[in-house]
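Grab a coffee and open the viewer. Below are a few exercises, each with a worked solution you can follow on screen.

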Amino acid sequence: MKFNMTQILMLVACGLVLFTSEAATAKPVTDLPKAVAAAKDQGKPIFIYLYDSFWGMHCRVLEENPNADREFAKLANKFIVAYLDTKNGRAAFVTRLKVERNQTYALVLKPDGQEIARMENPRTLEKIIILLEKALKST
């Protein structure tokens, strides 16, 4: 299949629109100290999705495609997003964040690290969206 210059330019333009749309979120951070540093630097709250890789895929609501839902992607741009594996309770941050092993959590912290919202076992993206909206109102 051959493309003419107009078709190539249209494809490039469409790609740029998709890349810069509200649905394009930054890649999640996988390190808590880096997330806190970025939050302080950017003045954004931190959304932390904690999961335990030891227990498999059933609790990984966000990992497959966090940009699939436009509402979540739009909200996520207002946060530093971190996906953290508790490593069956052995991760260094488990005690600090007061989480139990073998559980999934959605947490929101202020840029200074103070917790403002928590949900244990968020099973749907809709529940996480509600948590993020409430957290934004309290910041």
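Before starting, one cut-off: a residue counts as buried when its relative accessible area is under 20%, as exposed when it is over 50%, and as partly exposed in between. Keep in mind that this is a predicted model.

**Exercise 1. Sort three loop and helix residues by burial.**

Take aspartate 52, isoleucine 130 and asparagine 121, and decide which class each falls into.

*Solution.*
- Step 1: Find aspartate 52 in the loop between β1 and α3 (70-76). Its relative accessibility is 1%, so it counts as buried.
- Step 2: See what the aspartate 52 side chain has for company. One of its polar atoms lies 3.0 Å from the backbone nitrogen of asparagine 88.
- Step 3: Go to isoleucine 130, in helix α5 (residues 125-137). At 45% relative accessibility, isoleucine 130 counts as partly exposed. While you're there, check its C-alpha against that of phenylalanine 72: the two residues are 58 apart along the chain, yet the atoms are separated by 9.6 Å.
- Step 4: Finish with asparagine 121, in the loop between β4 and α5. A relative accessible area of 25% makes asparagine 121 partly exposed.

**Exercise 2. Work out the two sides of helix α2.**

Which residues of α2 (residues 32-42) are buried, and how are they arranged?

*Solution.*
- Step 1: Pick out the buried residues, which are Leu32, Ala35, Val36, Ala38 and Ala39.
- Step 2: Look down the axis of α2. The buried residues fall within an arc of 165 degrees, so they line one face of the helix.
- Step 3: Recall the general rule. With 3.6 residues a turn in an α-helix, residues three or four places apart point the same way.
- Step 4: Flip to the face turned away from the buried side. There you meet the exposed residues Pro33, Lys34, Lys40 and Asp41.
- Step 5: Ask what the buried residues touch. They pack against β1 (46-51), β2 (80-85) and α4 (94-97).
- Step 6: Inspect the ends. At the start of α2, a side-chain oxygen of aspartate 31 comes within 3.0 Å of the backbone nitrogen of lysine 34. After α2 comes glycine 43, with a positive phi near 70 degrees.

**Exercise 3. Trace how the strands pair.**

Starting from β1, find its partners and say in which sense each pair runs, parallel or antiparallel.

*Solution.*
- Step 1: Pair β1 with β2. They run parallel, over six bridges, and isoleucine 48 has alanine 82 in β2 as its bridge partner.
- Step 2: Pair β1 with β3 (residues 105-109). These two run antiparallel and are joined by five bridges; tyrosine 49 has alanine 106 in β3 as its bridge partner.
- Step 3: Carry on from β3 to β4 (residues 115-120), an antiparallel pair over five bridges. Here valine 108 is bridged to alanine 117 in β4.
- Step 4: Look at the connection. β3 and β4 make a hairpin with five residues between them, and glycine 113 in the turn has a positive phi of about 95 degrees.
- Step 5: Check how covered the strands are. In β2, Ile80, Ala82 and Leu84 point one way, Val81, Tyr83 and Asp85 the other way, and all are buried. β3 likewise has both faces covered, with Tyr105, Leu107 and Leu109 buried on one side and Ala106 and Val108 on the other.

**Exercise 4. Test the geometry of α5.**

What span should the 13 residues of α5 have, and which side of the helix is buried?

*Solution.*
- Step 1: Compare lengths. At 1.5 Å a residue α5 should span 18 Å, and its end C-alpha atoms are 19 Å apart, which agrees.
- Step 2: List the buried residues of α5: Leu125, Ile128, Ile129, Leu131, Leu132 and Ala135. They cover an arc of only 160 degrees around the axis, so they sit on the same side of α5.
- Step 3: Turn to the other side, where Glu126, Lys134 and Lys137 are exposed.
- Step 4: Name the packing partners of the buried residues, which are β1, α3, β3 and β4.

**Exercise 5. Hunt for unusual phi angles.**

Which residues other than glycine have a positive phi? Find two of them, in loops.

*Solution.*
- Step 1: Start from the general expectation. Most residues other than glycine have a negative phi.
- Step 2: Visit lysine 87, in the loop between β2 and α4. Lysine 87 has a positive phi of about 50 degrees, although it is not a glycine.
- Step 3: Return to asparagine 121, whose phi is also positive, near 55 degrees.

Technical notes:
Residues numbered from 1 in each chain as written. Predicted model: local features only at pLDDT ≥ 70, side-chain atom pairs only at ≥ 80, totals over all residues. Heavy atoms only, no water. Buried < 20%, exposed > 50% of the residue type's maximum accessible area, 1.4 Å probe, protein only. Helix = DSSP H or I, 4+ residues; strand = E, 2+ residues; numbered from the N terminus. Arc of directions from axis to C-beta. Contact = heavy atoms within 4.5 Å. Polar contact = N/O pair within 3.5 Å; in protein donor to acceptor, adjacent residues only side chain to side chain. Pairing = 2+ DSSP bridges. Expected span 1.5 Å × (residues − 1).
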